[in-house]
Amino acid sequence: MTADERLAQLPPKLQSVVQMLGSAPKVIKTEMLLEFAKKMPPLPEGMQGKLEQVHECTTPFFVHAELQEGKVHLYFDAPKEAPTVRAFAGLLAEGLEGESPEAILRVPEDFYSLARLEEIITPLRLRGLQAVLMRIKRQVREAQ
(Lines give C-alpha, C1' and ligand atoms only; values in the text may rest on other atoms or scores of the structure.)
Protein backbone atom coordinates (compact mmCIF):
# COMPACT_ATOMS: atom_id res chain seq x y z
CA MET A 1 0.00 0.00 0.00
CA THR A 2 1.40 3.41 -0.94
CA ALA A 3 1.77 6.31 1.49
CA ASP A 4 -1.08 8.12 -0.28
CA GLU A 5 -3.36 5.08 0.11
CA ARG A 6 -2.44 4.83 3.78
CA LEU A 7 -3.05 8.55 4.24
CA ALA A 8 -6.48 8.16 2.62
CA GLN A 9 -7.42 5.70 5.40
CA LEU A 10 -7.17 8.48 7.99
CA PRO A 11 -10.12 10.65 9.01
CA PRO A 12 -9.79 14.17 7.49
CA LYS A 13 -8.71 15.89 10.74
CA LEU A 14 -6.01 13.28 11.46
CA GLN A 15 -4.97 13.38 7.81
CA SER A 16 -4.42 17.12 8.12
CA VAL A 17 -2.36 16.74 11.32
CA VAL A 18 -0.24 13.96 9.78
CA GLN A 19 0.40 15.94 6.59
CA MET A 20 1.34 19.04 8.58
CA LEU A 21 3.80 17.10 10.77
CA GLY A 22 5.12 15.04 7.87
CA SER A 23 6.07 18.11 5.84
CA ALA A 24 7.66 20.02 8.74
CA PRO A 25 11.42 20.12 9.31
CA LYS A 26 12.64 18.25 12.40
CA VAL A 27 13.24 21.45 14.39
CA ILE A 28 9.70 22.69 13.74
CA LYS A 29 8.17 19.24 14.29
CA THR A 30 9.43 19.23 17.88
CA GLU A 31 7.79 22.59 18.50
CA MET A 32 4.58 21.36 16.90
CA LEU A 33 4.48 18.36 19.23
CA LEU A 34 4.92 20.66 22.23
CA GLU A 35 1.88 22.59 20.99
CA PHE A 36 -0.10 19.34 20.82
CA ALA A 37 0.98 18.62 24.41
CA LYS A 38 -0.65 21.92 25.44
CA LYS A 39 -3.83 20.91 23.57
CA MET A 40 -4.40 17.71 25.56
CA PRO A 41 -7.99 18.17 26.74
CA PRO A 42 -8.55 18.36 30.50
CA LEU A 43 -10.12 15.32 32.10
CA PRO A 44 -13.78 15.92 33.03
CA GLU A 45 -15.01 15.25 36.55
CA GLY A 46 -15.86 11.63 37.30
CA MET A 47 -13.81 10.19 34.46
CA GLN A 48 -10.88 8.81 36.54
CA GLY A 49 -12.52 5.43 37.20
CA LYS A 50 -13.21 4.82 33.51
CA LEU A 51 -9.66 5.30 32.25
CA GLU A 52 -7.47 2.36 31.25
CA GLN A 53 -3.72 2.52 31.76
CA VAL A 54 -1.55 1.96 28.70
CA HIS A 55 1.23 -0.09 30.28
CA GLU A 56 3.38 0.02 27.13
CA CYS A 57 3.98 3.73 27.75
CA THR A 58 7.05 4.45 29.87
CA THR A 59 5.14 7.27 31.58
CA PRO A 60 1.81 6.65 33.35
CA PHE A 61 -0.74 7.25 30.61
CA PHE A 62 -4.47 6.58 30.70
CA VAL A 63 -7.12 6.55 27.97
CA HIS A 64 -10.84 6.02 27.58
CA ALA A 65 -12.91 5.96 24.38
CA GLU A 66 -16.67 6.37 24.64
CA LEU A 67 -19.37 6.10 22.00
CA GLN A 68 -22.16 8.69 22.16
CA GLU A 69 -24.74 9.09 19.41
CA GLY A 70 -22.51 7.33 16.89
CA LYS A 71 -19.45 9.47 17.61
CA VAL A 72 -16.30 8.53 19.53
CA HIS A 73 -15.18 10.76 22.39
CA LEU A 74 -11.69 10.42 23.81
CA TYR A 75 -10.38 11.09 27.31
CA PHE A 76 -6.74 11.10 28.37
CA ASP A 77 -4.72 11.56 31.51
CA ALA A 78 -0.93 11.95 31.75
CA PRO A 79 1.41 13.83 34.08
CA LYS A 80 2.00 17.49 33.28
CA GLU A 81 5.75 16.83 33.26
CA ALA A 82 5.41 14.28 30.40
CA PRO A 83 5.26 16.39 27.22
CA THR A 84 5.75 13.50 24.78
CA VAL A 85 2.75 11.45 25.92
CA ARG A 86 0.69 14.60 26.36
CA ALA A 87 1.59 15.46 22.75
CA PHE A 88 0.32 12.03 21.66
CA ALA A 89 -2.94 12.68 23.51
CA GLY A 90 -3.31 16.14 21.99
CA LEU A 91 -2.56 14.81 18.51
CA LEU A 92 -5.05 11.93 18.84
CA ALA A 93 -7.70 14.20 20.36
CA GLU A 94 -7.35 16.71 17.54
CA GLY A 95 -7.33 14.04 14.85
CA LEU A 96 -9.93 11.58 16.14
CA GLU A 97 -12.35 13.31 18.53
CA GLY A 98 -15.94 13.07 17.31
CA GLU A 99 -15.18 10.62 14.50
CA SER A 100 -17.29 7.58 13.70
CA PRO A 101 -16.19 4.21 15.08
CA GLU A 102 -15.56 3.01 11.52
CA ALA A 103 -13.21 5.91 10.80
CA ILE A 104 -11.18 5.22 13.92
CA LEU A 105 -11.01 1.47 13.29
CA ARG A 106 -9.55 2.16 9.80
CA VAL A 107 -6.56 4.13 11.15
CA PRO A 108 -3.36 2.10 10.59
CA GLU A 109 -1.55 1.41 13.88
CA ASP A 110 1.65 2.88 12.42
CA PHE A 111 -0.01 6.06 11.12
CA TYR A 112 2.74 8.06 12.86
CA SER A 113 5.21 6.94 10.18
CA LEU A 114 3.25 9.08 7.68
CA ALA A 115 4.07 12.06 9.93
CA ARG A 116 7.73 10.98 10.02
CA LEU A 117 7.67 11.10 13.83
CA GLU A 118 10.53 8.59 13.94
CA GLU A 119 12.78 11.56 13.05
CA ILE A 120 12.32 13.00 16.54
CA ILE A 121 10.79 10.29 18.74
CA THR A 122 12.43 7.07 19.92
CA PRO A 123 11.09 3.67 18.82
CA LEU A 124 10.07 2.91 22.42
CA ARG A 125 7.89 6.04 22.58
CA LEU A 126 6.41 5.30 19.15
CA ARG A 127 5.42 1.82 20.35
CA GLY A 128 3.66 3.58 23.23
CA LEU A 129 1.72 5.75 20.76
CA GLN A 130 0.82 2.65 18.79
CA ALA A 131 -0.39 0.97 22.00
CA VAL A 132 -2.58 3.99 22.81
CA LEU A 133 -4.25 3.76 19.39
CA MET A 134 -4.72 0.01 19.81
CA ARG A 135 -6.43 0.59 23.19
CA ILE A 136 -8.70 3.22 21.65
CA LYS A 137 -9.65 0.83 18.84
CA ARG A 138 -10.35 -2.02 21.26
CA GLN A 139 -12.51 0.23 23.44
CA VAL A 140 -14.39 1.45 20.36
CA ARG A 141 -15.07 -2.14 19.23
CA GLU A 142 -16.30 -3.03 22.73
CA ALA A 143 -18.58 0.03 22.81
CA GLN A 144 -20.24 -0.84 19.49
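What follows is a short walk through the core, one helix, one hairpin and three individual residues of this structure, which is a predicted model.

Let me begin with the interior. The largest nonpolar core holds 45 residues, and the members that touch the most others are Phe61, Phe76, Leu91, Leu92, Phe111, Leu117 and Ile136. Two or more residues of this core come from each of helix H2 (12–23), helix H3 (26–38), strand E2 (62–68), strand E3 (71–77), helix H4 (83–96) and helix H6 (123–143), and the largest share, 8 residues, is given by H4. As general background, nonpolar side chains in soluble globular proteins tend to be buried together. If you would like one residue to centre your view on, take Leu91, which touches Leu14, Val17, Leu21, Leu33, Phe36 and Phe111 once residues up to four places away in sequence are set aside.

Turning now to helix H2, we have 12 residues that reach 16 Å from the first C-alpha to the last, close to the 16 Å expected at 1.5 Å a residue. Which residues of H2 are buried? They are Leu14, Val17, Val18, Leu21 and Gly22, and because they cover an arc of only 125 degrees around the axis, they lie on the same side of H2. The general background here is that an α-helix has 3.6 residues a turn, so residues three or four places apart point the same way. The buried residues of H2 pack against H1, H3 and H4, whereas on the other side of the helix Pro12 and Ser23 are exposed.

Next, the two strands. E2 and E3 pair in the antiparallel sense over 7 bridges, and within that pairing His64 stands opposite Tyr75 in E3. The hairpin they form has 2 residues between the strands, and in this hairpin Glu69 takes a positive phi near 50 degrees. E3 is largely enclosed by the rest of the structure, because 5 of its 7 residues are buried.

I would also like to spend a moment on two lysines. Is Lys29, in helix H3, buried or exposed? With a relative accessibility of 0%, Lys29 counts as buried. Its side chain has a polar atom 3.1 Å from the backbone oxygen of Leu21, and it also reaches the backbone oxygen of Arg116 at 3.2 Å. Apart from neighbours within four places in sequence, Lys29 is in contact with Leu21, Gly22, Ala24, Ala115, Arg116, Leu117, Glu119 and Ile120, and among these Leu21 and Gly22 are buried residues of H2.

The second lysine is Lys137, which lies in helix H6 and counts as buried because its relative accessibility is 5%, under the 20% cut-off. A polar atom of the Lys137 side chain lies 2.3 Å from the backbone oxygen of Val107. Leaving out residues up to four places away in sequence, Lys137 touches Ile104, Leu105, Arg106, Val107, Pro108 and Glu109.

Finally, a residue from the start of the chain. Thr2 lies in the segment before helix H1 (3–8), and it is partly exposed, since its relative accessible area of 43% falls between the 20% and 50% cut-offs. Thr2 and Thr30 are 28 residues apart in sequence, and from C-alpha to C-alpha they are 26 Å apart in space.

Technical notes. Residues numbered from 1 in each chain as written. Predicted model: local features only at pLDDT ≥ 70, side-chain atom pairs only at ≥ 80, totals over all residues. Heavy atoms only, no water. Core = buried A, V, L, I, M, F, W, Y, C linked by side-chain atoms within 4.5 Å. Buried < 20%, exposed > 50% of the residue type's maximum accessible area, 1.4 Å probe, protein only. Helix = DSSP H or I, 4+ residues; strand = E, 2+ residues; numbered from the N terminus. Contact = heavy atoms within 4.5 Å. Polar contact = N/O pair within 3.5 Å; in protein donor to acceptor, adjacent residues only side chain to side chain. Expected span 1.5 Å × (residues − 1). Arc of directions from axis to C-beta. Pairing = 2+ DSSP bridges.
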